[in-house]
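Thank you all for coming; I would like to use these few minutes to walk through one model. Please have the sequence and the coordinates open as I speak.

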Amino acid sequence: QVQLVESGGGLVQPGGSLRLSCAASGSFVSIIAMGWYRQAPGKQRELVASITADNNINYRESVKGRFTISRDNANNTMFLEMNSLKPEDTAVYHCNAVAIIFSATMTTRDYWGQGTQVTVSS
């Protein structure tokens, strides 16, 4: 129903910047919310930032002031601008979307992208 494709990951030095993108496509009525999650080796997956259709935004404390989440609703695309990157930001970043879809009836479902690697190292 919904396909999510992330891009923009890579290797950067501490203090550098990256811009992640997540493009949503497929058949859906609307996307209620989108978010970025990350998972580092040996750690649990954690929410980085989320944004709703009515533009309510949440960040985890460790990225506040450094990361900015945004959406281009016309193109069903979400972005994460990451500045002042730290080695502890190293992880696979996954795009998540909650969408209303229609089959026999209307329902809401979660969707995940394949992930993009972000590595912050000297």
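I will go through a buried strand, a disulfide and then several individual side chains.

A word on the basis first: this is a predicted model, in which local features need pLDDT of at least 70 and side-chain atom pairs count only at pLDDT 80 or more, while totals for chains, interfaces and linings use all residues. Residues are numbered from 1 along each chain as its sequence is written, and side-chain values use heavy atoms, with hydrogens and water left out.

Let me begin with strand 8, residues 77–82, where helices (H or I, at least four residues) and strands (E, at least two) are DSSP runs numbered from the N terminus. Five of its six residues are buried, so strand 8 is largely enclosed by the rest of the structure; buried here means under 20% relative accessible area, exposed means over 50%, and partly exposed is in between, with a 1.4 Å probe and protein chains only. Two strands are said to pair if DSSP finds at least two bridges between them. Strand 3, residues 18–26, runs antiparallel to strand 8 and is joined to it by six bridges, with Cys22 standing opposite Met78. Strand 7, residues 67–72, also pairs with strand 8 in the antiparallel sense, over six bridges, and there Thr68 has Glu81 as its bridge partner. The hairpin of strands 7 and 8 has four residues between the strands, and in it Asn76 takes a positive phi near 50°.

Cys22 brings us to the next topic. How many disulfides are there, if a disulfide is a pair of cysteine sulfur atoms within 2.5 Å? The count comes to one, and it joins Cys22 to Cys95, with an S to S distance of 1.9 Å. This pair links distant parts of the chain, since Cys22 lies in strand 3 and Cys95 in strand 9 (residues 91–102), 73 residues apart. Both cysteines, Cys22 and Cys95, are buried. The torsion about the S-S bond of Cys22 and Cys95 is about -75°, and the disulfide is therefore left-handed.

Strand 9 also holds His94, which counts as buried because its relative accessibility is 11%. The side chain of His94 reaches the backbone oxygen of Gly113 at 3.3 Å, and, leaving aside neighbours within four places in sequence, His94 is in contact (heavy atoms within 4.5 Å) with residues including Trp36, Arg45 and Trp112. Two of those names recur in another arrangement, as the charged end of Arg45 sits over the ring of Trp112, 4.5 Å from its centre. The rule for that is NZ of Lys or CZ of Arg within 6 Å of the ring centre and within 35 degrees of the ring normal. Back at strands 3 and 8, the charged end of Arg19 sits over the ring of Phe79, 4.0 Å from its centre.

Is Thr116, in strand 11 (residues 116–120), buried or exposed? At 10% relative accessibility, Thr116 counts as buried, and its side chain reaches the backbone nitrogen of Gly9 at 3.2 Å.

I will close with Tyr59 in strand 6, residues 57–59, which at 25% relative accessibility counts as partly exposed. A polar atom of the Tyr59 side chain lies 2.9 Å from the backbone nitrogen of Ile69, and the C-alpha atoms of these two residues, ten residues apart along the chain, are separated by 8.6 Å.

Notes
A disulfide is a pair of cysteine sulfur atoms within 2.5 Å. A polar contact is a pair of N or O atoms within 3.5 Å; within protein, one must be able to donate a hydrogen and the other to accept it, and residues adjacent in sequence count only if both atoms are side-chain atoms.
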